[in-house]
Structure formats: C-alpha cells, structure tokens
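This report concerns a single protein chain. It takes up the strands, the turns between them, the nonpolar core and a number of individual residues.

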Amino acid sequence: YPKYVLLDKTGPDHDKTFFMEVQVNGKTWGTGSGKNKKEAEQVAAGVAYLRRRTPGLAEAWLERRESRT
C-alpha cells in the first residue's frame, strides 16, 4: 500500500504550501506540493503513476506544472 509522508510545509498559516512524497515498499515513487495535504498527495500520486507508466513523462509534467505558478 502507498504511504504518504509530509516532507515540509512553508508559508504563513493562511497561505501554506505542503510538500509530500508517496512511498511504496519503502521506496519513494513521487513527490508533490499543494495548498493542502490532499492536493500534495494527489500530485505525488500522479507523479508516481507517470513514473511507473512512462519514465521521463513525470519530470516533463512537473516542469510544466511549476512553470504555471
């Protein structure tokens, strides 16, 4: 089963950013950030899925996502 780990949280209470990673069998498969823990977990899960399915695609998706913010 996947395990989600809070890596960090930054920003003031009214505008936090959460950084999470998803681990499977003790190995990190993806990391993500979001305005709440659920969003960060969903991004991490999406990265893990893309890495598993198509190596290299996750990194391209993350770069595109980060360039929008």
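The account below begins with strand pairing and then turns to side-chain contacts, the core and solvent exposure. The coordinates are those of a predicted model.

**Strand pairing and turns**

Strands β1 and β2 run antiparallel and are joined by 7 bridges. On its other pairing, β2 is joined to strand β3, which covers residues 27-34, again by 7 bridges and in an antiparallel sense. Strand β2 therefore takes part in both pairings. Most of β2 is covered, with 6 of its 8 residues buried.

Specific positions can be matched across these pairings. Thr10 stands opposite Thr17 of β2. Between β2 and β3, Met20 faces Gly32 of β3, and Val22 has Gly30 of β3 as its bridge partner.

Each pairing is closed by a hairpin. The one formed by β1 and β2 has 6 residues between the strands, and within its turn Gly11 has a positive phi of about 95°. The hairpin of β2 and β3 has 2 residues between the strands, and here Asn25 adopts a positive phi near 55°. Asn25 is not a glycine, yet its phi is positive. Asn25 is located in the loop between β2 and β3, and it counts as exposed because its relative accessibility of 76% lies over the 50% limit.

**Lys16, Thr17 and their surroundings**

Lys16 belongs to the loop that links β1 (3-10) with β2 (17-24). Its side chain reaches back to the backbone oxygen of Gly11, at 2.9 Å; Gly11 is the residue of positive phi in that turn. Beyond four places in sequence, Lys16 touches Lys9, Thr10, Gly11, Gly34 and Lys35.

Thr17 lies in strand β2. Its relative accessible area is 18%, which is under the 20% limit, so Thr17 is classed as buried. The side chains of Thr17 and Lys35 make a polar contact at 3.3 Å. When neighbours within four places in sequence are set aside, Thr17 is in contact with Asp8, Lys9, Thr10, Ser33, Gly34 and Lys35. Among these contacts is Thr10, the residue that stands opposite Thr17.

**Aromatic rings**

The model contains 0 aromatic pairs. A charged side chain does, however, sit over a ring: Lys27 lies over the face of Trp29, at 5.0 Å from the ring centre.

**The nonpolar core**

Which residues make up the largest nonpolar core? It has 5 members, namely Val43, Val47, Leu50, Ala58 and Leu62. Two elements, α1 (37-53) and α2 (57-67), each give two or more residues to this core. The largest share, 3 residues, comes from α1. Nonpolar side chains in soluble globular proteins tend to be buried together.

Leu50, one of the core residues, has contacts with Pro55, Leu57, Ala58 and Trp61 once its neighbours within four places in sequence are left out. Of these, Ala58 is itself listed in the core.

**Exposure along the chain**

Val5 lies in strand β1. At a relative accessible area of 22%, Val5 falls between the limits of 20% and 50% and is therefore partly exposed. Apart from residues up to four places away in sequence, Val5 touches Phe19, Met20, Glu21 and Gln23. The C-alpha atoms of Val5 and Gly26 are separated by 11 Å, with the two residues 21 apart along the chain.

Is Tyr1 buried or exposed? Tyr1 is found in the segment before β1, and it is exposed because its relative accessible area of 91% is over 50%. The C-alpha atoms of Tyr1 and Met20 are separated by 16 Å, and these residues are 19 apart along the chain.

The accessibility values discussed above are collected here.

| Residue | Relative accessible area | Class |
|---|---|---|
| Tyr1 | 91% | exposed |
| Val5 | 22% | partly exposed |
| Thr17 | 18% | buried |
| Asn25 | 76% | exposed |

**Summary**

Three strands are described, with β2 paired to β1 and to β3. The largest nonpolar core, by contrast, draws two or more residues from each of α1 and α2.

Technical notes:
Residues numbered from 1 in each chain as written. Predicted model: local features only at pLDDT ≥ 70, side-chain atom pairs only at ≥ 80, totals over all residues. Heavy atoms only, no water. Phe/Tyr/Trp six-rings, centres within 6.5 Å; stacked < 30°, edge-to-face > 60°. Lys NZ or Arg CZ within 6 Å of the ring centre and 35° of its normal. Helix = DSSP H or I, 4+ residues; strand = E, 2+ residues; numbered from the N terminus. Polar contact = N/O pair within 3.5 Å; in protein donor to acceptor, adjacent residues only side chain to side chain. Contact = heavy atoms within 4.5 Å. Core = buried A, V, L, I, M, F, W, Y, C linked by side-chain atoms within 4.5 Å. Buried < 20%, exposed > 50% of the residue type's maximum accessible area, 1.4 Å probe, protein only.
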